[in-house]
Amino acid sequence: MTETTSGTAKVTLPADNQIMITRGFNAPKRLVWKAYTSPELIKRWWSGDRGTVTSAEVDLRVGGRWRYVMTANEGFEVAFRGEYREVFPEDRLVNTEVFEGIPDPDDHAGLITVSFAEKDGRTHMEMLCEYRDRADRDAVVSSGMEAGMQESLDHLEQVAVSLS
Amino acid sequence: MARAATTTDAFNAVAEPRRRQILDLLSQGERPVNDLVAVLGLAQPQVSKHLRVLREVGLVHVRDEGRQRMYGLNAEPLKPIYDWLATYEQWWNKRFDLMDQVLEDLKEAEGRDDRDD
């Protein structure tokens, strides 16, 4: 079997309103870009283990819009959308990101800057997520726990136990 | 929106970049305040103020050694932050693991195309 594990994602909080996600991929950036921006391929990874992507719309040009919808394992629908601000194929993508499931979603849009750098056939990805303020940033980080997954609830319980 | 006081808990205390820098320095070992002043390039009152916040949330401890006060790291209050971030990190790891599979398929498909050429 081919070795597919090329690293684990690293998440840091560089500033009050930011999240930085970095990850290495065992593939050239040309292919990482393709996997990251092609609707049929996005459907295969974007929902992780939380559900199934039912729709991925991508209009990959400055000012173009995107929208991803997934049906979560618990049955409800989760939709994100946004607009592309910068498109430099294989190198850099800047887009807004809005979670449709909250009141006044557009007031809480995030700005996502993804960059890909290739070395020796491998790709290093940096994804900087910037939000209006710390509260919005923290809500995004906490979103996993709010999804109602048992895994997260168990995890929360562990945290609570470790605090007591 | 009202902000929580920096002294409420470790989450607020580490929101300040300079305080994170102090924690990084102390993770390498105990240091007197003069040392931190020199490395950070800040005035002593500022450094002392940051150290006070870090002490109040239990991230930094202090002990007297001769005439010097030595500051050290106590990382335990960082655990809830680590756990909180870890859940989010796991979520992205699941996505990226699936993306790895997509990439392997793309590589394989390219290899096939090359052989067909």
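Domain bounds are taken from an automatic or database domain assignment. The model is predicted: local features need pLDDT of at least 70, side-chain atom pairs count only at pLDDT 80 or more, and totals for chains, interfaces and linings use all residues. Residues are numbered from 1 along each chain as its sequence is written, and chains are lettered from A in the order in which they are written.

**Exercise 1.** State into which domains chain B is divided.

*Solution.* Domain 1 of chain B covers 10-74 and domain 2 covers 78-116. The C-alpha centres of these two domains of chain B lie 38 Å apart.

**Exercise 2.** Determine the strand order of the sheet in chain A, and explain why E1 and E3 of chain A stand at its edges.

*Solution.* Strands are DSSP runs (E, at least two residues), as are helices (H or I, at least four), numbered from the N terminus; two strands pair if DSSP finds at least two bridges between them. In chain A, 8 strands form an open antiparallel sheet, ordered E1-E2-E8-E7-E6-E5-E4-E3. E1 (10-12) and E3 (51-58) of chain A each have a single partner strand, so one side of each lacks a neighbour in the sheet.

**Exercise 3.** Identify what supplies the largest nonpolar core.

*Solution.* A nonpolar core is a set of buried Ala, Val, Leu, Ile, Met, Phe, Trp, Tyr and Cys residues joined through C-beta atoms within 7 Å; buried means 20 or more other C-beta atoms within 10 Å of the residue's own, with C-beta atoms placed from the backbone. The largest core has 28 residues. E2, H1, H2 (39-45) and E4 (65-72) of chain A, together with H5 (79-116) of chain B, each supply at least two residues. H5(B) gives the largest share, 6 residues.

How values were computed. A residue is buried if 20 or more other C-beta atoms lie within 10 Å of its own, exposed if 12 or fewer, and partly exposed in between; C-beta atoms are placed from the backbone.
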